[in-house]
Amino acid sequence: MALASLALAAAIAVLVAPAGASAATVTFSTVDVSAPGNPSVGIVPFSDAIYQSCSDAPSGKGPACQMVGGVDYRYGIGRLETTVAQWVAFLNVADPTGSDPHRLYDSSESGTAWPKFGQINESPSASKGRHYSVAYPQWADKPYGFANFLRAARYINSLDNGRVVSKRAGVVRGIPILTYKVKLSSQTERGMYDMANPKTVRTGKSGFVLPSQDEWIKAAYYDRTGGGTFSYWKYPTNPGVFGDNTATARARRRSTPRPAT
């Protein structure tokens with residue numbers, strides 16, 4: 001089973017946004033996460049430790065141990081975060097009239113309401129498909145920071161219902177990638193997620209999706225060569241040492257590709 005996992009925390013790369021909303025496309029890259037059937041690892045939320053099994057974790061008060069990180073299929077995950085410019089393109093396609101029936105935008109996101117961190121402006125008087133714009137040019141390629149699950153799921157539906165204009169293989173820093181160019185769809189309510197279902201989950205076995213917790217953890221921390229602790233790194237950029245708090249947080253970044261991808 002092949003999934004292209006996209007998330008607001010790790011997904012889209014570069015935006016190509018023509019003036020008209022109907023022509024808006026996004027271009028993004030995914031990396032392959034291999035080693036299907038990798039073992040899970042036990043974690044206790046908010047503690048600096050991992051366990052080969054939750055039976056090894058201490059019992060008592062506090063959050064319960066949970067097994068995470070195991071995924072039994074290959075999948076792709078977004079190489080970079082969703083950018084503000086990409087989210088603007090989506091807003092103008094999904095809400096061309098500016099009426100915002102699905103609450104994809106809030107005025108608190110504007111540069112006027114929040115001069116320091118506001119990323120997106122909305123103009124009620126703008127023409128169709130142009131109501132939303134990047135608040136300041138410097139925000140365009142920065143990660144979008146105001147998403148929740150419902151907004152993200154609608155974004156994924158726009159991608160999943162969209163048309164793949166191109167798909168090409170490449171290599172970045174020695175890591176194979178797939179770069180997609182997708183024309184966004186205005187259909188946000190059905191697709192990979194049925195937004196009429198309050199407990200919506202994935203409706204298909206392949207396509208663009210929001211990564212699950214296990215998919216995210218595996219892509220960020222699992223080392224298929226057995227490095228780290230029980231084959232997991234403490235940080236996405238280096239193995240670290242569990243139990244030393246943040247003593248190894250600033251270890252030198254690896255120059256070679258992560259083994260899990």
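Colleague: Let's start with Val 41: leaving aside its neighbours within four places in sequence, which residues is Val 41 in contact with?
Modeller: Happy to look, bearing in mind that this is a predicted model. Val 41 sits in strand E4, and its relative accessible area of 2% is under the 20% cut-off, so Val 41 is buried. Leaving aside neighbours within four places in sequence, its contacts are Ile 50, Tyr 51, Gln 66, Met 67, Val 68, Phe 230 and Tyr 232.

Colleague: And how far apart are the C-alpha atoms of Val 41 and Ser 53?
Modeller: Along the chain, Val 41 and Ser 53 are 12 residues apart. In space, their C-alpha atoms are separated by 6.4 Å.

Colleague: Which cysteines form the disulfide?
Modeller: The structure holds one disulfide. The sulfur atoms of the pair are 2.1 Å apart, which is within the 2.5 Å needed to count as a disulfide. The two residues are Cys 54 and Cys 65.

Colleague: What is the handedness of that disulfide, and why?
Modeller: Both cysteines lie in the loop between strand E5 (50-51) and strand E6 (66-68), so the pair ties together parts that are 11 residues apart in sequence. The torsion about the S-S bond of Cys 54 and Cys 65 is about -80°, so the disulfide is left-handed.

Colleague: Is Cys 54 buried, partly exposed or exposed?
Modeller: Its relative accessibility is 24%, and since buried means under 20% and exposed over 50%, Cys 54 falls in between. Its partner Cys 65 has a relative accessible area of 24% and is partly exposed. For Cys 54, then, the class is partly exposed.

Colleague: Now the interior: which element supplies the largest share of the largest nonpolar core?
Modeller: That core has 32 residues, and Phe 90, Leu 91, Ile 120, Leu 159 and Tyr 193 touch the most other members. Elements that each supply at least two residues include strand E3 (25-33), helix H1 (84-94) and helix H2 (149-160). The largest share, eight residues, comes from H1.

Colleague: Leaving aside its neighbours within four places in sequence, what is Leu 91 in contact with?
Modeller: Leu 91 is one of the residues that touch the most other members of the largest core. With neighbours within four places in sequence left aside, its contacts are Pro 96, Leu 104, Tyr 105, Ile 120 and Tyr 132.

Colleague: How many residues are in the second, separate core?
Modeller: Among its members are Val 71, Tyr 73, Ile 77 and Ile 175. The number of residues in this second core is nine.

Colleague: How many bridges join E3 to E11?
Modeller: E3 is mostly covered, with eight of its nine residues buried. E3 and strand E7 (residues 75-78) run antiparallel and are joined by four bridges, and the partner of Thr 30 in E7 is Gly 78. E3 and E11 also run antiparallel, with Thr 25 bridged to Lys 183. The number of bridges joining E3 to E11 is seven.

Colleague: One on the backbone: what is phi of Arg 173?
Modeller: Most residues other than glycine have a negative phi. Arg 173 is found in the loop between strand E10 (163-172) and E11, and at 75% relative accessibility Arg 173 counts as exposed. Its phi is positive, near 55°.

Colleague: And where does Ala 35 lie?
Modeller: Ala 35 has a positive phi near 55°. With a relative accessible area of 23%, Ala 35 is partly exposed. Its place is the loop between E3 and strand E4 (41-43).

Definitions and conventions
Residues numbered from 1 in each chain as written. Predicted model: local features only at pLDDT ≥ 70, side-chain atom pairs only at ≥ 80, totals over all residues. Heavy atoms only, no water. Core = buried A, V, L, I, M, F, W, Y, C linked by side-chain atoms within 4.5 Å. Buried < 20%, exposed > 50% of the residue type's maximum accessible area, 1.4 Å probe, protein only. Contact = heavy atoms within 4.5 Å. Pairing = 2+ DSSP bridges.
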